[in-house]
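Biologist: I should be grateful for a close look at one part of this model, namely the salt bridges and the residues around them. Please describe them in a connected account.

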Amino acid sequence: DCNPGWEKNPEAAAFTQVDDPTCCLKQCVQYQENCTGNYAPDETKNNIVGANKETCCQPTCGLYECKSSNHTLIPGPSKIVKFDEASCCEDKECPNFRAKSPTDWRGCNSKLTEEDCHASFTVLHNNKTNA
């Protein structure tokens with residue numbers, strides 16, 4: 001019999017040695033700590049025979065390619081353990097907006113230079129709903 005984290009190798013049934021590396025196949029539970037970078041551990045695969053990222057891990061958004069030409073990967077994509085457009089992608093304009101700074105001025109007028117205007121946004125307040 002094989003120890004935990006190993007599964008009997010049917011091709012080694014006639015072998016007389018009893019050590020796990022000779023007679024058994026590694027299960028993904030032994031590989032989970034290697035699920036790094038653009039891969040994340042996937043405990044649901046622990047009992048599957050395997051010893052590579054493709055078999056044992058979950059891909060993160062770091063491996064996803066946005067399908068829409070209007071989309072780009074979200075920031076820090078390898079931190080998101082999903083693999084779909086809604087989770088991994090955002091509008092191409094979002095990175096530009098994140099680079100802008102809030103301003104107290106209501107709109108671009110003589111108070112801001114054109115350059116400052118393009119580098120900022122105004123936080124609006126709804127007086128009716130107080131939001």
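**The salt bridges and their surroundings**

Modeller: Glu90 counts as buried, at 13% relative accessibility. This value comes from a predicted model, as do the other values described here. Glu90 is found in strand 6, which spans residues 89-91. Leaving aside residues up to four places away in sequence, Glu90 touches Asn70, His71, Thr72, Leu73, Ile74, Pro75, Pro95 and Arg98. With one of these residues, Arg98, Glu90 forms a salt bridge in which the closest N and O atoms are 2.6 Å apart. Arg98 counts as partly exposed, at 46% relative accessibility, whereas Glu90 is buried.

Side chains of opposite charge can pair when their charged atoms come close. A search of the whole structure finds 2 salt bridges. Besides the pair of Arg98 and Glu90, there is a salt bridge between Asp42 and Lys45, with 3.8 Å between the closest N and O atoms. Asp42 has a relative accessible area of 9% and is therefore buried, the limit being under 20%.

Both Asp42 and Lys45 are also touched by Cys57. Not counting residues up to four places away in sequence, the other contacts of Cys57 are Tyr31, Cys35, Tyr39, Ala40 and Asn52. Cys57 belongs to the largest nonpolar core, which has 6 residues. The core is made up of Cys57 together with Cys28, Tyr31, Cys35, Tyr39 and Cys56. Cys57 thus links the two descriptions: it is a member of this core, and it touches Asp42 and Lys45, the partners of a salt bridge.

Terms used:
Residues numbered from 1 in each chain as written. Predicted model: local features only at pLDDT ≥ 70, side-chain atom pairs only at ≥ 80, totals over all residues. Heavy atoms only, no water. Core = buried A, V, L, I, M, F, W, Y, C linked by side-chain atoms within 4.5 Å. Buried < 20%, exposed > 50% of the residue type's maximum accessible area, 1.4 Å probe, protein only. Contact = heavy atoms within 4.5 Å. Salt bridge = Lys/Arg side-chain N within 4 Å of Asp/Glu carboxyl O. Helix = DSSP H or I, 4+ residues; strand = E, 2+ residues; numbered from the N terminus.
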